[in-house]
Each structure stands twice: as C-alpha cells, then as structure tokens.
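Open the model in your viewer and keep the selection panel at hand. The stops below say what to select next and what is there.

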Amino acid sequence: MKEPSRKIVVMTGASGGIGKALALRFSEEGVSLHLIGRNRGSLELLGVPPSPPSSSMHYYQSDLTKDKDLIALEETLKTNLDHIDVLIHCAGALILGRMENSLVNDLDEQYRINVRAPYALTKALLPLMKSSKGQIVFINSSIWQQARAGISQYASTKYALKAIADSVRDEVNADGIRVLSVYLGRTATPMQEVVHNKEGLSYHPEYLIQPDDVATIVFNILTLPRTSEVTDIHIRPMKKAPVGR
Ligand SMILES: NC(=O)c1ccc[n+]([C@@H]2O[C@H](COP(=O)([O-])OP(=O)(O)OC[C@H]3O[C@@H](n4cnc5c(N)ncnc54)[C@H](OP(=O)(O)O)[C@@H]3O)[C@@H](O)[C@H]2O)c1
C-alpha cells in the first residue's frame, strides 16, 4: 500500500548500533520509517516507539549479500513506496586479518555488503528519489584515509564506497538530490566491541564516538536549507582511550 503523505526514510543496518540511533532520531519526527536487517525479530526488538503517533515503522528482512533477497527487497520497496525522501546506507561488516592469513572469501563478503549492496539499492531506488529531491547518506569510515595493518579488506571497501558516493553525487545533483558521506572514527557499537577484542584492547565505549551523536549530526545536516549541500563529514572521538590490554 502506498504512503503518499509523510516523509519516507529507508535505512539499512537499522538493527546495528548506529542504525538504531538513527532510527530512534527519525522516529521522533513523524516520518514513515522503512528499516532493513537480516533478522526481522531483532529489528522489531529495536523498541523504536512510533512517537509521535504519526510515525510509522515498517520492517524488511533481507540479507543484502544475497541477490535473491536484494532483488525482492527492491521490488517490495518499489511496490510499497511512491517516493523516498531519505535513503541511509548503514549496514556494514568488518573482518580483520593480515593479508597473509586472510580469506579471500571474507573480502567478497565485505564487498557485497559494504559496496555492492549500497550501489545496487541506490541504483534501484533513484527513480523514487527524483520527484522528492531526496537525500542519500552513506555511512562510511575514516579508515580509508590511512589503512593500518590488518584492515586492508574493510578499508578497500570503504574507499570504494567513497568513490560511489562522489560519483553518484555528480550525477544526481542536477535532479536536486543531495549525497552525504559520513566518515566515522571508532564509534561505540557492537562492531567496535568485536574490533577491540580482536585487537586485544580493553573496550571503553565512553571514549568513543556515541551513536546518538552521529544520529543528531546526520539529522541536522539533512534538515539544512536546500540552498547548499554538505558532501562529506568527518567525525572522530574527542578523548584518547587509555592504552590497556
Ligand atoms: N562502529 C564503528 O566504529 C564504525 C566506524 C566507522 C564506520 N562504521 C560503519 O557504520 C555502519 C554501522 O556499523 P555499526 O557500528 O552500527 O555496526 P553493527 O552494530 O555491527 O551493525 C551492523 C549493521 O549492519 C547490518 N548487516 C550486516 N551484514 C548484513 C547483511 N549481510 N545484510 C543486511 N544487513 C547486514 C546488521 O544487521 P543484522 O541485524 O542483520 O546483523 C547491523 O544492522 C557500518 O557501515 C560500519 O562500517 C562503524
């Protein structure tokens, strides 16, 4: 069923640390939220309240690395929605490992979720964003600027995601569509807890970027007047975590 009146926000990675914060922030605005994740249960467990009551929540179970799921998702969204105001690509995966010990399959997996899925979804949904002069957000990482040892696979996918954002921006600005890349340093989410464990570091989330702050910053940028465009934003933690293993 089409929902013509409210602002429509479509987001991947809605069950993750940053995605959940974004979903909560947008749910305060009376929008129609379309949230994508692999596990419908964990999406529903977000506990995102329809607040104010005019907000609505829709859940889509989809493994974005699988073509069957991706195509079904694209078709469902195109059937259900007559426009999209905001498309946020937040789903992502990070697998650490030095090249010598790495699995090429892990690179394929990260490529599919971090690069191919946002590319395919943007391509499929662009026609729904033209009439609404929509906005696309790519949640990226600061890692591509200086890839340290053990992170070549993930860093290369985020470099590719930057290229996609920059190129598509150049293509769609003429239609009034804005494209924002958000380059994050270490942010306090389940992904970062795993990274700390793998690196043998003790996890101090209070020293990291807070997902709620990311959500506030992204929301504020998206609501800026349409006379200008914020293309890239870099966010890093303010404090230095104590070094401890
Ligand atoms: N945390 C950081 O320090 C940090 C820093 C820089 C950039 N980022 C980026 O920020 C984004 C969000 O990360 P996060 O920290 O919030 O991580 P997170 O808590 O681990 O969340 C990852 C999200 O991606 C989804 N996802 C993963 N694989 C998927 C797949 N195959 N199909 C569909 N959804 C899938 C997960 O959904 P499921 O519920 O289905 O698992 C989850 O919602 C990512 O793009 C990440 O690269 C994070």
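Is S62 buried or exposed? Select it first, keeping in mind that this is a predicted model. S62 has a relative accessible area of 3%, so it counts as buried. The residue sits in the loop that links β3 and α3. Show its surroundings: beyond the neighbours within four places in sequence, S62 is in contact with I36, G37 and R38, and also with D69, L70 and L73.

**The sheet**

Now select the strands. Seven of them make an open sheet, ordered β3-β2-β1-β4-β5-β6-β7, with parallel pairing. The edges are β3 (56-61) and β7 (232-235); each has a single partner strand, so one side of each has no neighbour in the sheet. From one strand to the next the twist averages 15°.

Go to β2, residues 32-37, where six of six residues are buried. Colour the strand by face: S32, H34 and I36 lie on one side, L33, L35 and G37 on the other, and both sides are covered.

Add β1, residues 8-12, which pairs with β2 in the parallel sense over five bridges. To see one of the pairs, pick I8, whose bridge partner in β2 is S32. Then add β4, residues 86-89, which runs parallel to β1 and is joined to it by three bridges. Here V9 has V86 as its bridge partner in β4.

Move to the edge strand β7. How do its side chains point? They alternate: I233 and I235 are directed to one face and are buried, whereas D232 and H234 are directed to the other and are not buried. In a regular strand, side chains alternate between the two faces of the sheet. The strand to show with β7 is β6, residues 178-184; the two run parallel and are joined by four bridges. Across from D232 in β7 stands S181.

**Helices on the sheet**

Show α3 together with the strands. This helix lies across β1, β2 and β3, and runs at about 155° to β3. Next show α4, which packs on the sheet and touches β1, β4 and β5 (135-141). The direction of α4 makes about 180° with that of β4.

Hide the strands and keep α3 (residues 67-80) and α4 (residues 104-130). Their axes come within 10 Å and cross at roughly 25°. An angle under 35 degrees counts as roughly parallel, and therefore α3 is roughly parallel to α4. The crossing of the two helices is right-handed.

Which residues of α3 and α4 meet? Select D67, L70, L73, E74, L77 and K78 in α3, then R112, R116, A117, A120, L121, A124, L125 and L128 in α4; these form the contact. By class, the contact has nine nonpolar residues, five charged and no polar ones. Two of the α3 residues seen here, L70 and L73, are also among the contacts of S62.

**A last stop**

Select D212, which is in helix α7, residues 211-222. D212 has 52% relative accessibility, and so counts as exposed. Then add R25 and draw the C-alpha to C-alpha distance: D212 and R25 are 7.9 Å apart in space, although 187 residues apart in sequence.

Terms used:
Residues numbered from 1 in each chain as written. Predicted model: local features only at pLDDT ≥ 70, side-chain atom pairs only at ≥ 80, totals over all residues. Heavy atoms only, no water. Axes fitted to C-alpha atoms, helices over the stretch in contact; angles between N-to-C directions. Parallel < 35°, antiparallel > 145°, perpendicular 65-115°, else oblique. Left-handed = near helix turned anticlockwise from the far one by under 90°. Contact = heavy atoms within 4.5 Å. Nonpolar A, V, L, I, M, F, W, Y, C, P; charged D, E, K, R; others polar. Buried < 20%, exposed > 50% of the residue type's maximum accessible area, 1.4 Å probe, protein only. Pairing = 2+ DSSP bridges.
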